[in-house]
Amino acid sequence: MVEVVKPGRIQKGWSKKFTCTGAGNGDHGCGAVLLVSAYDIYETSSTVHAETDYYRTFCCPQCGVETDIPTKDWPPSSFPLGKRPSDAKRKRIGEGNLKRLETEGAEGEHEQP
Ligand SMILES: [Zn+2]
């Protein structure tokens, strides 16, 4: 086992702020600003005319909508990707969001600092 003589910096891993826009998935994101880590991002793909395009996608924990991130913002390939939440899980998040609408909807937007 290697011995640490002098501790180095703390490895924070990869994370980036993204806005839930629903880009590539219908554009119906809720606008939440999210700190997304590499483990929250997963690969999705679409095949058109026998050509498959691959995307890096995250699922908004607030509304369940998926957003594709721009290629320039992809995590380095050295980071492992996460798993896509199941349709059922995303549906649950969406239903939770509707409940939120019932309880907070009348009060309008809530801004987080
Ligand atoms: Zn959202």
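## A tour of the predicted chain

Residues 24 or more positions apart account for 57% of the contacts with a separation of 6 or more in the protein chain, a contact being two residues whose C-beta atoms, placed from the backbone, lie within 7 Å. This is a predicted model, where local features need pLDDT of at least 70, side-chain atom pairs count only at pLDDT 80 or more, and totals for chains, interfaces and linings use all residues. Residues are numbered from 1 along each chain as its sequence is written.

Start with the whole chain in cartoon view. Moving from the N terminus, you will meet β-β-β-β-β-α; helices (H or I, at least four residues) and strands (E, at least two) are DSSP runs, numbered from the N terminus. The radius of gyration, taken over C-alpha atoms, is 18 Å, well over the 13 Å that the globule rule gives for 113 residues, so the protein chain is more spread out than a compact globule. That rule is 2.2 Å times the number of residues to the power 0.38.

Next, select residues 87-104: this is helix α1, with 18 residues. How many of its residues are buried? The count is 0, so to speak a hardly covered helix; buried means that 20 or more other C-beta atoms lie within 10 Å of a residue's own.

Now select F18, C20, V36, I41, F58, C59, C60, C63 and V65, the largest nonpolar core. Such a core is a set of buried Ala, Val, Leu, Ile, Met, Phe, Trp, Tyr and Cys residues joined through C-beta atoms within 7 Å.

Finally, click on C20. Beyond its neighbours within four places in sequence, C20 has contacts including G29, C30, L34, C60 and C63.

Technical notes: Buried ≥ 20, exposed ≤ 12 C-beta atoms within 10 Å, placed from the backbone. Expected span 1.5 Å × (residues − 1).
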